[in-house]
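This report covers the overall fold, the surface and charges, the cysteines and one charged residue. The structure is shown first.

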Amino acid sequence: MSAAELDALLGDAWDDRNPVGHAAVLAADERQEMLADGERALDEYGLNAEFVPVAYGGRLERADRLAELLRTLWRRDPCLGLGYGFSSLIASVNIWTTGDEEQRRRAADLLLANGRIAAAFHELAHGNDFAHAECAAHPDGEGWLLSGRKEIVTNVRRAEAMVLFARTGSGPGSRSHSQFLLLRDDLPAGTLRDLPRFHSSGMRGVQLGGVEFTGCPIPGEALIGAPGQGIEVALRSYQITRSVGPATTVGPLDTALRLAVRCSLDRRLYGGTVADLPYVRTVIARAYADLLAMDAFSAVVLRALHLEPESMAVYAPAAKYLTARILLDAFEDLRAVLGARSYLRQGTYGMFQKLARDVAPATFAHVSLTAALVTLLPQLPRLARRSWLADPSAAPSLFDPAGDLPALSLDRLSAGMPRHDGIIGALAELSDGVPTGDSDPVRRFAARCRDELRTLRDGCAGLGPADITIDASPAAFALADRYTAVLAAACALAVWRQCGTRYPDAALLGTLDRLTGRMGGPPVLTPAEREDVERRLFDLAVERCLDSRLFDLSARRIPN
């Protein structure tokens, strides 16, 4: 089963008669419900098999394939993307990386039967600060006795099982929490109470709830891994979801850009179309470049899960952070193209406001942007001193989005600090000996990124113990932010070098222009060069839209 087959199953999104088209998605959103016809279609497709490793009867083998399928779904309806799919993936990866054979079998059987597994990690009082979670499991004979609350949990009321994060030790630090696989039917009556649903402004169809445990006995075999291993398991497992997640969010931006292009071509204003306005063409061109930046960055990070898994503790949070920032900014920019239509909740352009509301929580769900930077900070001084501008480039296969990959090897993921940064090594190789004022704009961008990396290296190498924690200074957070932009630019340069003429050169220049803009400093392109690049990008966006092709690097034809 492929993304193209899923697209064909979902049909033409613009057909009002389609039970999973835009009109039906908007109607379900108004009712604050999951789209029932959409869930039935995904049951028919067997989407849950994509979350189950091949060894246990599923189809999970390549992270990039999984991301492409989820991107297809998120392009149609992020509520389905999260409420049907991604929430079970977030929970189940902990089982695949650390669970025992019986736990893996039970999880696989449940998912392959179109069941759901909730990830019960969050407590309102502590947010992403899992080290202070209070829901506790105390030893009780050969099992555990569970008490406490979990809140803002996707699908917790309608999931057959949950992966629960609970305190199992009284001391501070990372060894005081564990994870458990709980099946609802195995819990005694009266020991679990469902809390009222939390209603939200975005992802309105997603069932957000909570549970309260009161002296709930759970068997010893429910423990995932060893006692006190809960945070370590999460740090390893979530490298998968924090790599797949950024790639999926290209989907909603694709639909939003498609809506903006259509609006600019259809709407009449000032004696012509909106597309005749230079400002509108520029906004669309830049949003298109933003989408390509997200796609190239996330494509390399997904391949790194297979080829450079030891580096994912850096690459996964970097991708999560930067793609979320780009996504939110691009939606805000595109709002100017649609004007008042960007707030309409029905009609041709009604999907824009829904997508804009849905992507906002998607960018901080699972891990906030600040938490992503906090994950990065402790690793930057070591990389700055030992790796940057010293390590060799990663293998060329890392930078070919269409290339073959070995099967995902979960046991190679590590919660420790990476010693090497092969993506930055590629940047050093590409920019070696290039003068800052080179006549070739691509080489000028490479030199600009190299110079930025040198500044970053000096700044990060000087970070002290107080600047690599949640209490770090704004200047330290700014260094981590700029590193993510350099990393993404290195990915774009290496992808285009590796893939030759497969992708348009204007797309590379536009992508690099947007990414270096996030680093600060003077622009690399001259005004004339930028105008030419943005003109070509706008024309390409219109061509892709009219030809019913995706805006991403695949340019795959779609039914809408």
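## Burial and overall fold

Of the 560 residues of the protein, 60% count as buried. The model is predicted. Its secondary structure comprises 18 helices and 10 strands.

Contacts between residues at least 6 apart in sequence are dominated by distant pairs: 77% of them join residues at least 24 apart.

## Dimensions

A box of roughly 75 × 60 × 40 Å, taken along the principal axes, is filled by the C-alpha atoms of the protein. The radius of gyration is 23 Å, which agrees with the value near 24 Å that a compact globule of 560 residues would have.

## Surface and charge

The exposed area of the protein is about 20,900 Å². Carbon and sulfur atoms supply 52% of that area.

Charged side chains number 62 positive and 70 negative. The centres of these two sets lie 3 Å apart.

## Cysteines

The structure holds zero disulfides. A disulfide would require two cysteine sulfur atoms within 2.5 Å, and two cysteines illustrate how this cut-off is missed.

For Cys460, the closest cysteine sulfur is that of Cys449, and the separation of 15 Å is too far for a bond. Cys460 counts as buried because its relative accessibility is 0%. For Cys545, the closest cysteine sulfur belongs to Cys263; at 11 Å, this pair is also too far apart for a bond. Cys545 has a relative accessible area of 6% and is therefore buried as well, since the limit for burial is under 20%.

## Glu30

Where does Glu30 lie? Its place is in helix H2, which covers residues 22-30. With a relative accessible area of 37%, Glu30 is partly exposed; this value falls between the 20% limit for buried residues and the 50% limit for exposed ones.

Which residues does Glu30 touch, not counting residues up to four places away in sequence? They are Arg204 and Arg345. Glu30 counts among the negative side chains and the two arginines among the positive ones. A further distance relates Glu30 to Tyr349: these residues are 319 apart along the chain, and their C-alpha atoms are separated by 15 Å.

Notes:
Residues numbered from 1 in each chain as written. Predicted model: local features only at pLDDT ≥ 70, side-chain atom pairs only at ≥ 80, totals over all residues. Heavy atoms only, no water. Helix = DSSP H or I, 4+ residues; strand = E, 2+ residues; numbered from the N terminus. Rg over C-alpha atoms; globule rule 2.2 N^0.38 Å. Buried < 20%, exposed > 50% of the residue type's maximum accessible area, 1.4 Å probe, protein only. Contact = heavy atoms within 4.5 Å. Areas by Shrake-Rupley, 256 points an atom, 1.4 Å probe, with all protein chains shown as cover. Charge placed at Lys NZ, Arg CZ, Asp CG, Glu CD.
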